[in-house]
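Student: Could you take me through one part of this protein slowly? I would like to begin with a single residue and see what surrounds it, and then move outwards.

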Amino acid sequence: MGKIATITRRTFLVGSAAIAGGIGFGYYSYQKPIKNPLLDTLGDGEGAITPYVLINQDGVTLITPRADLGQGAYSIQAALLAEELDVDLNEINVDPGMPNGGVYYNTAVGAEAVGFPSTDESFLATKARLLGPVIGKLMGLQITGGSSTVPDCYEKLRVAGALARETLKTAAAMKHGVAIGTLKTENGNVILPDGKKIPYSDLALEATKIALPESVVLRPERDWKYIGKDMTRVDIPAKSTGTQEFGIDVKMDGMVYATVKTNPRIGGSLSGFDATNAREMNGVIDIVPVTGGFGVIADNTWRAFQAANAVEAEWGPAPYPAEQEEIWKQVSDSFTEERQDSRKRDDGDVELSFATGGLVTAEYKVPYLAHAPLEPMNATVKYGGGKLEIWTGTQIPTFMMANIERIYGISQQNIFVYALYSGGSFGRRLEDDYVHQAVELAIRHQNVPIKMTWMREEDMTHDFPRTIGMARGRGKINNGRVETFDLSIAHTSTIESSMQRMGQSVPGPDQSIVDGAWDQPFDIPNYRVTGYRAPVMVPVSSWRSVGASGNGFMHDCFLDELIHEAGADPMEERIRLCWHDASRKVLETVRDMSGWGTELGENRGRGVAFTLSFGVATAEVVEVTNTPDGIRIDKVYIALEVGKVLDPVNFDNQVKGGIVWGLGHAMNCELTYSDGKPEQDNFHAFQGMNMAQCPEIIVKGLENGNTVRGVGEPSVPPAGPALANAIFAATGKRIRELPLNKHIDFV
């Protein structure tokens, strides 16, 4: 590791495969060197040694390619750079820079979508995953999602830091007439043989004139200062003092404020609106039509909200079934040959097994779910002289620019996106509809910065929710073991729905319909998973852990049912069935952590669940007590295989956050539709877990794998099934529908 192919001053091969010494694909476009975009905008005294490292008198700035949505992405990227550049982590500035998909593309997000389970280490699967960086570069995938930030940046940013370090040493050697081998670095300085410290900032200009080294060796793990140790995130001081600027905090001279309302039946028409009364209200500057609705511009956000509520609008019907029962019927009716989308797992002979009887059946349902980030959708936009500037939190800056060019005809060269911290997302900012609305307002009111903010109700009713789904399981037991497992899953397609909004279609099956089910490492003699594509009704989008979020519940709960039917122990039978060493160790670890098999006492129960998602094998055990007032969640134990725990304290926080998210939604949350509109339009009707309900959570990260993984999402899918299985253990009640509170009370 660490050998760099030929690199010139003005070019930089980006991507782990390329960095590791060249990839064996003959794609000219992929192999073509990349121009360092920072070189075109350098100020006096600044040096840009790679596209990720800018040095000036203010110190070192990391140009970070991935968005921070609260998961600590900026901090871990800074740590990876600091480790090799030898700079104090607290001294690194972080700047998202200007989007550039050709340079800052994601090398990891495509690797898991090539159609092989992450446990497949065959020659074909391994080579296919090398296409991930190729896909990322050719498509310009500057995207944050899929728990890909760490696997994407783990090597990339360390190499960037090492290149910068060695180049600065070369500059110092030339300037002071000493041999480079006599130089060291320490906390942002090159150390001369006589002990004199030369700050990097004093060498930046000289460094820009020197060719990058043709090879560089990364520091051995024993010398790491940051990776693997608890760190203080770079965003914590500002967030602790209330000084962190999120998208919604943008202020600038001459700014006006706006909000937008469109048909609460997403995609429905607007027959007309009467803004007579609203126009007379204090502070209202203008009320204008936007696509599917209207926008109000005022002198502050509150007055814009009040005026928007005073507008009388006539909305058309929903372009999808208006009532929840009809939506469920469409999903239920999708288990047909014509709507079969995939059959990625078909071991043994399921039908032959069932021919001799003994069939066990069950049906599961998972609802629509809102993203509901605390910071509602917003964007500040200024347009004038053909130049469009956008300040917002986004996971897809380059897709946003391309969409704006396609829809509004503004050239991408004239679009400038300033990415800001996001107050949560959970996948919502993989969409850019809210930015489009702000752009429409800015085109009408040119040369004026407009901050457009959605009301909470607008945010909830215009969310593109998590897909709705249903699964039908059939199984068979033989001699106390699970002999046959056959799960049919019907979902609306997240990919189909998302791509429709970009005017694109995607050929072939949607793997997310069966993710978290088809790729589980269990060795069952007859094992089949079939995906069915339900019609896109309410438009849907990626939600934290995407397809695995619902499939984890449906797959693991049905497996638990069969194991119970076989009279086997839920934990030991999963371990016996698991053929994948790393996954089996995860199960064994959580078994030992939780004291599985010890007596819990009356009215108490333990449930275990396992889901492998985003390449991370994850097992959870939930302990509950059945009290007179309902179910109390007492403890949660979780073990995950992630290859390397980069920051233990943030790892612990992220995993616990995922569990609270997964449990809270499994307990209480759903979006249901009536008259085409969501019946839950604010947090009072969409409550996750309350503080008093939060259990003690014990986390263990394993490092047995050979691939470093991200942890933003994998702890979510097993949380719901572990809780449902624990409720069954405590009460004997098998619940097959989420949210669980439709069938049982929680304390």
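**A walk outwards from Thr149**

Tutor: Happy to! Thr149 has a relative accessible area of 10%, and because the cut-off for buried is under 20%, Thr149 counts as buried. Please keep in mind that this is a predicted model.

Where does Thr149 sit? It belongs to helix α6, which covers residues 149-176. Once neighbours within four places in sequence are set aside, the contacts of Thr149 are Arg66, Ala73, Gln77 and Thr144.

Helix α3, residues 73-85, is a good next stop. This helix has 13 residues and spans 18 Å from its first C-alpha to its last, close to the 18 Å expected at 1.5 Å a residue. How many residues of α3 are buried? The count is 13 of 13, so the helix is mostly covered, given that buried means under 20% relative accessible area. Here is a handy rule for looking at any such element: an α-helix has 3.6 residues a turn, so residues three or four places apart point the same way. Just after α3 comes Asp86, with a positive phi of about 65°.

Asp86 leads us on to Val190. The two are 104 residues apart along the chain, yet their C-alpha atoms are separated by 9.5 Å. Val190 is found in strand β6, residues 189-191. Is Val190 buried or exposed? It is buried, with a relative accessible area of 0%. Leaving aside neighbours within four places in sequence, Val190 touches a long list of residues, among them Leu168, Lys169 and Ala172. The list also takes in Leu183, Ile198, Tyr200 and Leu203.

Now let us look at the sheet around β6. Its strands follow the order β5-β6-β7, forming an open sheet of 3 strands with antiparallel pairing. At the edges are β5 (184-186) and β7 (197-199), each of which pairs on one side only. Ignoring direction, neighbouring strands here are turned by 30° against each other on average. Between β6 and β7 there are 3 bridges, in the antiparallel sense. One pair you can look for is Asn189 with its bridge partner Pro199 in β7. And here our starting helix returns: α6 lies across β5, β6 and β7, running at about 55° to β6.

Still in the helices, what can you find at α5, residues 131-139? Its buried residues include Gly132, Pro133 and Val134. Gly140 follows α5 and has a positive phi, near 60°.

Let us turn to another set of strands. Strand β8, residues 256-262, is mostly covered, with 6 of its 7 residues buried. It is joined to strand β18 (residues 450-453) by 3 bridges, and the two run parallel. Val256 has Ile450 as its bridge partner in β18. With strand β11 (residues 293-298), β8 pairs in the antiparallel sense over 6 bridges. There, the bridge partner of Thr262 is Gly293. In general, strands of a sheet pair through backbone hydrogen bonds, either parallel or antiparallel.

Another open sheet has 5 strands, in the order β13-β21-β20-β19-β14, with mixed pairing. β13 (340-347) and β14 (359-366) stand at its edges with a single partner strand each, so one side of each has no neighbour in the sheet. From one strand to the next, the twist averages 10°. Within this sheet, β19 (residues 469-478) and β20 (residues 481-492) run antiparallel and are joined by 10 bridges. Arg472, for example, has Ser488 in β20 as its bridge partner. Helix α11 (residues 324-332) packs on the sheet, where it touches β14, β19, β20 and β21 (526-534). The direction of α11 makes about 45° with that of β19.

We can finish with a pair of helices. Helix α17 (residues 546-566) and helix α18 (residues 570-577) pack at an angle of about 105°, with their axes 10 Å apart. α17 and α18 are therefore roughly perpendicular to each other. Which residues make the contact? From α17 they are Asp556, Leu559, Asp560 and Ile563, and from α18 they are Pro570, Glu573, Arg574 and Leu577. These residues divide into 4 nonpolar, no polar and 4 charged.

How values were computed: Residues are numbered from 1 along each chain as its sequence is written. This is a predicted model: local features need pLDDT of at least 70, side-chain atom pairs count only at pLDDT 80 or more; totals for chains, interfaces and linings use all residues. Side-chain values use heavy atoms; hydrogens and water are left out. Helices (H or I, at least four residues) and strands (E, at least two) are DSSP runs, numbered from the N terminus. The expected span of a helix is 1.5 Å times one less than its number of residues. Buried means under 20% relative accessible area, exposed over 50%, partly exposed in between (1.4 Å probe, protein chains only). Contact means heavy atoms within 4.5 Å. Two strands pair if DSSP finds at least two bridges between them. Axes are lines fitted to C-alpha atoms, for helices over the stretch in contact, and angles run from 0 to 180 degrees between N-to-C directions. Angles under 35 degrees count as roughly parallel, over 145 as roughly antiparallel, 65 to 115 as roughly perpendicular and the rest as oblique. Ala, Val, Leu, Ile, Met, Phe, Trp, Tyr, Cys and Pro count as nonpolar, Asp, Glu, Lys and Arg as charged, and the others, Gly among them, as polar.
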